[in-house]
Structures are given as C-alpha cells and as structure tokens.
Amino acid sequence: MGWPGRLFDMRDTLVRMVLLDLSGLGFLLLVPHRHTTSTTQWILAVVAFAVALAAHRRPVVNLVIQTALLAVALGLVEDFTINQVGASWALLEVTMRAHRPRVIWLSSALLVVVNLIDSIGDTLSQLGSGVVGLALEVGVPVLLGLVIRTNRQLSRQAVERAVAEQRQHASETRAARADERAAIARELHDVVAHHVASMVLRVGVARHVLTDLDPRVGAVFDDVHGTGTAALAELRRLVAVLRDPDGVRGDAALTAIDPSALPAAIGASIDRARQAGVTVEADLDPAIGSLDAVRGMAVLRLTQEALTNVAKHAGTSAFAHLVVTVRDDAVHWEVADKGHGGASVGAPTGGGHGITGMRERVEVLGGRLEAGPTPTGWRVRTVLPAPAEPPARSVPRDRTAPAGSPAPEPA
C-alpha cells in the first residue's frame, strides 16, 4: 500500500490533521487575500486547528465544533475558507469512520442547515452560487468518504476470504493426509504385516520341528523369530497410530516410545550391532530417560539407522562410538566409526535412503543433521532442540515400545 492509501488509514488520523493544520497555516501566511486577515479570523482559525488535533479520535465531536466555528465565521469574518475547509474535512472523517450510515446523513444535514441559514435573504444568483458551493462543501467529502469506506470494506472482505480459503485448504490438506494415512495403514495391515506374521510363524514352526539343530543355527532362528516378532509389534502399533490422527503430533511422531523404555531400546539396538560384529562403545546420558516421546523415538531411530549403516558401509568388524547427551534440554547425538572393517556379507552396496530419512526426521524436529567423512572414518551427528511447548498429553500405553523387547532394525 502506497502513501496515498496510508494517508486515509484509520490509524493515521493524527497525521491527516497535522497536515491539514499546516496547510491552513500556509494558506493564512503565504496566499494573498482579497481582505486583510483580521484578529477574529486568526482566532477562529487557531481554535479550528487546535480542535482538529485534540478531537482527531472523535470525528463526530470534531464535526460539531468545526460546524459551530463555521457558523460563527459566516457572521463575523469576510473570508471563512479555513473554517469551511475544517468543517468539510470533519465531515469526510465522519463518513470514513462512522459505524452507522445514520451518523453520516445527520452530520451532512447539520452542515447543510448551517449553510442554508447563512443564505437566507440572498438573491437568486447568490442562491445558485451557494448551491454549487454547498455541493462542493458537503457532497464531495461525503462522496470521497464513501469511496474510501467502500474500498476499505472490500479490502477487509478480500482478506477474510483469503483467510477462509486458507483455512479450507488446510482442512482439505488435513483430510487428504488422513485419507493417505488410512490407505497406508490398510496397505501395512493387508500386505506387510501379513507377510511378516507368516515369516514369524514359519520360523517358530521350524524351531520346533527341527530338533537336532546346531546351537548356532538355533541361536540364529531365535534371533530371526525375535526380530520378526518385534517388527510385527511395531507394524501393528504404526497401523494403530496411522488410523488415529489425534494421536499423531505432526509428521515426526508416527510412533512414540515411553521415555523410561528408551535406554533399554537403545541398548537392544547396540546389542544387535555387536551381534553383527560391530564393536560399539556407547556413552549414554541418564537424562535420556526423561526425554519426551517424540524426541526419544527420533534418538532411537537415528541410532538404529546409524549402526546399521556402520555395518553396511564400514564393515562388520568396524568400531563405532555412540554419544547421546542432554544439555540445556537439547539432545546432542553422535555416531562416529573408524572403518577398517571388512565388507558386510549381503549388505546393500548403495541406493539406500538412510541418511535422507535421518535428515528428514531431524529437520521435522527443528534440528540439522551433519554427516560426512573424518580422518579415521565417518561421522553423523545432530542436535535436537527442546520442544517449543510441552506435549499436550501422554502417549497411550498401547503405543509404547515395551522396555524388555528388542527394537526392530529400520526398513
């Protein structure tokens, strides 16, 4: 909005009045007059200037006083231009700011009556000139005020429509996301969970049917069965959360974990990495047991993904150092490896989305993931800031990872 639009803004009444008073003062001092400016004219002008400033927030009061000054000027001075302009401008202010149309028309009638009283006894030609002057003095301010008033209302309506459209769009987006979550939940339930359940069942059958197994093979069967069972529990919990949008705090909280279970869950992930051959040294701050559920789940998932990547890319005999600390309610997380291990058998050689998924999870929580090589290997770290506001409610018990169950590896 440019300065002409700001000039007639509701908040800039005082600015308009100051400019009007300066214009009137310049008119009195600089413009040649046919009649000598009298003391009475100066008094009426100064009073009009003062009233305009003092009553700039009360347009009706200003109009009444300016009209009264005009009536006095019509009977006492030859040149009443200052009071005439003051009364017309006061009518403009009333037209722009009045809450009811009746106030506008009563104000206009007051100014018309004052001018008509002064025209009593005039000749026909003087009366015609007075009508033209009355149209300029009353008609122009009212017309201009109505135009400004209408434009202001149209602008306000446009803003309200834009806000309403934005709310509708947000509502439609939430509905679309809810539909998408429901579709994902159905897909997980009908396809993924079904196959995982079948694998877990077959491994369980195999453990009982094959009685003369080598103990190492039996340990592998037990590990596969436990991993599948944990994965199935995670899938079922994820389906439940997807079907309940009220239980999701934004995109970062598709699943949540009981804070007290976080150390045990991280410990289970470390044990799995060690079973795969990775040497893991962990420095865990006891304060992580009091983290909120969303950041707790983020720490767990980041740890799982990072240790999996160490096994994939640094080798199963690599050394990894995990550090999780809480300082000033911010979570400092880091995993660094020294490499030097052999390639993991059957590990994917590329094309994964581990770092991308980790970065997206961190950015949703307001952090920034740093990942890159070091002189001795590879390091990934981040800082998860404190939440902007405390969680609105606790996580339901049926959606928390049990403290004693191993956490599944990320897909």
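**Group meeting: a first walk through the model**

Okay, let's start with the parts list: this chain has 11 helices and 5 strands. Before I go on, please keep in mind that what you're looking at is a predicted model.

A few overall figures first. The chain has 411 residues, and 37% of them count as buried. On the outside, the chain exposes about 23,600 Å², with carbon and sulfur atoms supplying 61% of that. And how much of the contact list is long-range? If you take contacts with a separation of 6 or more, 73% of them come from residues 24 or more positions apart.

Now, the strands. Find β5, residues 377–384. Which strands does β5 pair with? One is β3, residues 330–337: those two run antiparallel and are joined by 7 bridges. If you want a spot to click on, W333 has T382 in β5 as its bridge partner. Another is β4, residues 370–374, which also pairs with β5 in the antiparallel sense, over 5 bridges. There, T374 is partnered with G377 of β5. β4 and β5 make a hairpin, with 2 residues between them.

Hang on to W333, since we meet that residue again inside. The largest nonpolar core has 33 residues, and the ones touching the most other members are I266, V299 and W333. Who builds this core? At least two residues each come from α9 (262–275), α10 (293–314), β2 (319–327), β3, α11 (354–364) and β5. The biggest giver is α10, with 11 residues. As a general point, nonpolar side chains in soluble globular proteins tend to be buried together.

Let's zoom in on V299. Leaving out residues up to four places away in sequence, V299 touches I266, L291, V324, V331, W333 and L384. So that's V299 in contact with both of the other names I just gave you, I266 and W333.

There's also another core, apart from that one. This second core has 14 residues, including L70, A87, A90 and V114.

Last stop: helix α5, residues 81–97. α5 has 17 residues and reaches 24 Å from first C-alpha to last, close to the 24 Å expected at 1.5 Å a residue. Is α5 enclosed or out in the open? Here 13 of the 17 residues are buried, so α5 is largely enclosed by the rest of the structure.

That's the tour. Happy to spin the model around if anyone wants another look.

Notes:
Residues are numbered from 1 along each chain as its sequence is written. This is a predicted model: local features need pLDDT of at least 70, side-chain atom pairs count only at pLDDT 80 or more; totals for chains, interfaces and linings use all residues. Side-chain values use heavy atoms; hydrogens and water are left out. Helices (H or I, at least four residues) and strands (E, at least two) are DSSP runs, numbered from the N terminus. Buried means under 20% relative accessible area, exposed over 50%, partly exposed in between (1.4 Å probe, protein chains only). Contact means heavy atoms within 4.5 Å. Accessible areas come from the Shrake-Rupley method with a 1.4 Å probe; for residues, only the protein chains shown count as cover. Two strands pair if DSSP finds at least two bridges between them. The expected span of a helix is 1.5 Å times one less than its number of residues. A nonpolar core is a set of buried Ala, Val, Leu, Ile, Met, Phe, Trp, Tyr and Cys residues joined through side-chain atoms within 4.5 Å.
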